[in-house]
Amino acid sequence: MISDIIVVSSLALTSMTPILLGSVGEIFTEKSGVVNIGIEGIFLLSALISLIITFVTEDPYLGLFTGFLIGAFAGFIHAVFAVYLKSDQIIVGVGFNMLAYGATVLMMVSIWQAHGASPTLPTKTYVISIPLGRDVITIHPLSIMAIGLAILFWWILEKTSLGLKIRACGEDPKSAEASGVNVYLMRIIATTVGGGLAGLGGAFLTVSWIGQFTRNISAGRGFIALANVAFSNWNPLTAILGALIFGIFDVLALYVPIKLSSLYGIVFTTQNNLFLTIPYLATIIIVMIISRRIKMPRSLGTPYIKE
Amino acid sequence: MSRRPIIQMIGIEKIYPDGQYALRGVDFEVFEGEIHGILGENGAGKTTLMRILYGEIRPTRGRIFVRGREVRFSGPWDAIREGIGMVYQHFSLIPSFTVRENLYLSMLSMNKKIRREDIDEIAREYGEMIGFKISLDEVVEDLPIGVQQKIEILKTLMRGARILILDEPTSVLSPLETVELFKILRRLKESGYTIIYITHKLREIKGLTDRVTIMRRGRVVSVVETDKVSEEELAKMMIGSEEFVFKRSEVKRKEKTEKRRILEIRGVSVVDDKGVEKVREVYLEIFNGEILGLAGVQGNGQKELAEAIAGIKKVSRGRIFFNGLDITDLDVRERYRLGISYVPDSRGEALIYNMNLVENFILTSLERYMNSLKIIDWRRVRKDLLKAVERFDIKTRSLDLDVRFLSGGNQQKLIIAREFSRDPKLLIVSEPTHGLDIMSTIYVRDLLRKFRDSGRGVLLISSDLDEIYELSDRIAVINRGRIVITGDPKELPPEKIGYYIGI
């Protein structure tokens, strides 16, 4: 039992990582008043492209870095739409998600002639392995780094002048402008950096964790990250806890059927899909419970129009 | 007072991209150390002119000199650097931030290296100068409006402003807060600050300013020294003498044959959404042919009381009777059908801005225009609306215009036209002339009088004591949810009412 808990926790730490990175990035973005629901699309794009870079250069860390750049670029594009073109941010995000899904599948097919999954990487990023009885638990340094980033971004938002300016843009851009804050610039910065964090999370999926790209590899994690933003009440520290909870459910979806079949010898076939719904059901239920007390940035999703 | 002009604006023109003229060549001059008023009706161009001076809007043509040196502002930052500060009508504080965060944020634009801890010291220094103390850890939105305004002034001073522009600063203040604001402004003047004061209220111009620039329709009509003109002369210049022939309604007030009670409120208490008791055991009566003026500072339970009468809020205790009928348990529509009508204090609550006049006109009387199949007879709506537009003198280009394009006065007229067309027996009206120009104010007040004179009842809720006195047959004062005094306006001088409002 205890070893179960330890194993689940270590696995949860892994599956938490992209969700946490996505959430922290999105919190940073949303605090400035821009909503980017394209996290899912960023995950997909940077997962694939960082994998390609890793294949070509055989350097997974360069892959991670590329993932960050891809995310930041996507964030920047979203910011241009949201800030300068005053587009409907939800529609831009939805469009981006659809584009990313289609583009990644197309790229996968045209590069590897594979329809379901890419080849597997020979080298992934470094993993800390700790033997524990019969099991070996593995911890990705990036998971620890993600927690560190959450703390860093909390600190930026709450303690620095940049954070204050960004939050001002999300609460009341007009007043922020009157106080001498460059609203457009702040929103561009926050959305770009936020996208970059999500991109890092996407790259983690392939380059650190799974080692290959599969069709729709993010499997809704981008949306779970969005749910976690609300769950955490736009606080990066609470987002760590939220991501861990979502991560645990993510693990349970795979772990419970395996455990059950090893204990009782039940073989799940199609029923397996039911277990896979666990993280999504949990998301819906958690969001339902917490949506009463959320305090979102007041100008979230509304373009700032200067006279 | 020195006669050195600190600000000169010459030949300022502003034409908006849609071809509308906001300013048609304005010359404007302010002396150092004076309180300079800008008087004009809504749309006269006062605010536009000042926003140009503050660098928020770029003029189409014209030159600006500060301390004799020509300046070209590309944004408020440039104006701030020249020592110009603006205190907005709607404050530029971020409501969810603390006072310190707000001050810190605004100081950052002046000095990137400033630390949060430095704010306390500077705030204390300037606070002492204007006689204002505040705990910097308070969240702005939890503070009364008057205090928020002082923070706004403090903020502007901290940024090194020597020239302060105030845009209709008293429109949100209680009489007491207004007095305090004037004290601060006079204190600033003594310390050598220059103040530009925008308003359409004559009394404030007379009471506060040294000189006044009067604007009308994008032009400067006149610049005068305040103590050399009367309020009436100012009014004539502001409105334009040719339009100032306004006849008060000639409807003779019907002699009250019998005093009938239209509304009776018996021991009503109302609890708001947060569970706070906002109205506490209120007893009130309104008779036919009477305007009952309910005075008090906004937020003392007026809104909750009005909504309880209209049926929007449930009462937690007490009963409400309308023409002898207990309506406590009726819903809004049933009460409206009985002849109650409610005009809320914010026009945004009464109108749907993105819908046109026709649609807004029938919002509260849909049933009258529907046939048995629930289909609206738009032709009849338009016919009635056309009549109302004519009768109430609502100025609009078309009936199909979204109401957000109407001026505040015309919006208010539309609301009143809509409610009157339902022929109510009791009108609850809250802050009916808030933000309206003089002509519209006179007109709306006259309508209320006519309504009263036709033998119906009005509950007038207003934080404007002048309005209360001008209209009311009886006055009641509400303070923290309780009616603290009721009586005849002749027996209740304003000082006494002020006292009851403030205690």
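What follows is a conversation between a colleague and a modeller about a predicted model with chains A and B.

Colleague: What makes chain A as compact as a globular protein of its length?

Modeller: The radius of gyration of chain A is 20 Å, and the globule rule gives 19 Å for 307 residues. The two values are close, so chain A counts as compact as a globular protein of that length. Along the principal axes, its C-alpha trace spans about 70 × 45 × 35 Å. Buried residues make up 50% of the 307.

Colleague: How many helices and strands does chain A have?

Modeller: Chain A has 12 helices and 2 strands. In sequence order the pattern is α-α-α-α-β-β-α-α-α-α-α-α-α-α.

Colleague: How does the radius of gyration of chain B stand against the globule rule?

Modeller: For chain B the radius of gyration is 25 Å, and the rule gives 23 Å for 503 residues. These are close, so chain B is also as compact as a globular protein of that length. Its secondary structure comes to 17 helices and 20 strands. Its C-alpha atoms fill a box of roughly 70 × 45 × 45 Å along the principal axes, and 43% of its 503 residues count as buried.

Colleague: Why is Asn272(A) called partly exposed?

Modeller: A residue is buried with 20 or more other C-beta atoms within 10 Å, exposed with 12 or fewer, and partly exposed in between. Asn272(A) has 14, so it is partly exposed. Asn272(A) is found in helix α11 of chain A, residues 272-276. As for its distance from Pro173(A), the two are 99 residues apart in sequence and 48 Å apart in space, C-alpha to C-alpha.

Colleague: Why is strand β13 of chain B described as largely enclosed by the rest of the structure?

Modeller: Strand β13(B) covers residues 290-295, and 6 of its 6 residues are buried, so the strand is largely enclosed. Both faces are covered. On one side Glu290(B), Leu292(B) and Leu294(B) are buried, and on the other Ile291(B), Gly293(B) and Ala295(B) are buried.

Colleague: How do you know that β13(B) pairs with strand β18 of chain B?

Modeller: Pairing needs at least two bridges between two strands. There are 6 bridges between β13(B) and β18(B), residues 457-462, so the two pair, in the parallel sense. In one of these bridges, Glu290(B) has Gly457(B) as its partner.

Colleague: How many bridges join β13(B) to strand β19 of chain B?

Modeller: 4 bridges join β13(B) to β19(B), residues 474-479, and the strands run parallel. Leu292(B) stands opposite Arg474(B) there.

Colleague: Why are β2 and β5 of chain B said to stand at the edges of their sheet?

Modeller: The open sheet has 4 strands in the order β2-β1-β4-β5 in chain B, with antiparallel pairing. β2 (21-31) and β5 (69-71) each have a single partner strand, so one side of each is left without a neighbour in the sheet. The twist averages 20° from one strand to the next. Strand β1(B), residues 5-15, is joined to β2(B) by 8 bridges, and the two run antiparallel. Ile15(B) stands opposite Tyr21(B) in β2(B). Helix α1 of chain B, residues 46-53, packs on the sheet and touches β1, β2 and β4 (61-66) of that chain. Its direction makes about 115° with that of β1(B).

Colleague: Which residues have the most contacts inside the largest nonpolar core?

Modeller: They are Leu20(A), Val24(A), Ala150(A), Leu53(B), Leu164(B) and Ile196(B), in a core of 148 residues. Helix α8 of chain A, residues 183-210, gives the most to this core, with 14 residues. Among the residues that Ile196(B) touches are Val30(B), His36(B), Met50(B) and Ile163(B). A second, separate core of 65 residues includes Leu351(B), Tyr443(B), Leu459(B) and Val477(B).

Colleague: How many residues does each chain bring to the contact between them?

Modeller: Chain A brings 15 residues and chain B brings 16. On the side of chain A, α6 (161-171) and α7 (173-178) each supply at least two residues. The largest share of that side, 5 residues, comes from α6(A). By type, the residues of chain A that touch chain B divide into 5 nonpolar, 4 polar and 6 charged.

Conventions:
Residues numbered from 1 in each chain as written. Chains lettered and ligands numbered in written order. Predicted model: local features only at pLDDT ≥ 70, side-chain atom pairs only at ≥ 80, totals over all residues. Axes fitted to C-alpha atoms, helices over the stretch in contact; angles between N-to-C directions. Contact = placed C-beta atoms within 7 Å. Nonpolar A, V, L, I, M, F, W, Y, C, P; charged D, E, K, R; others polar. Core = buried A, V, L, I, M, F, W, Y, C linked by C-beta atoms within 7 Å. Rg over C-alpha atoms; globule rule 2.2 N^0.38 Å. Lists of a residue's contacts leave out its neighbours within four places in sequence.
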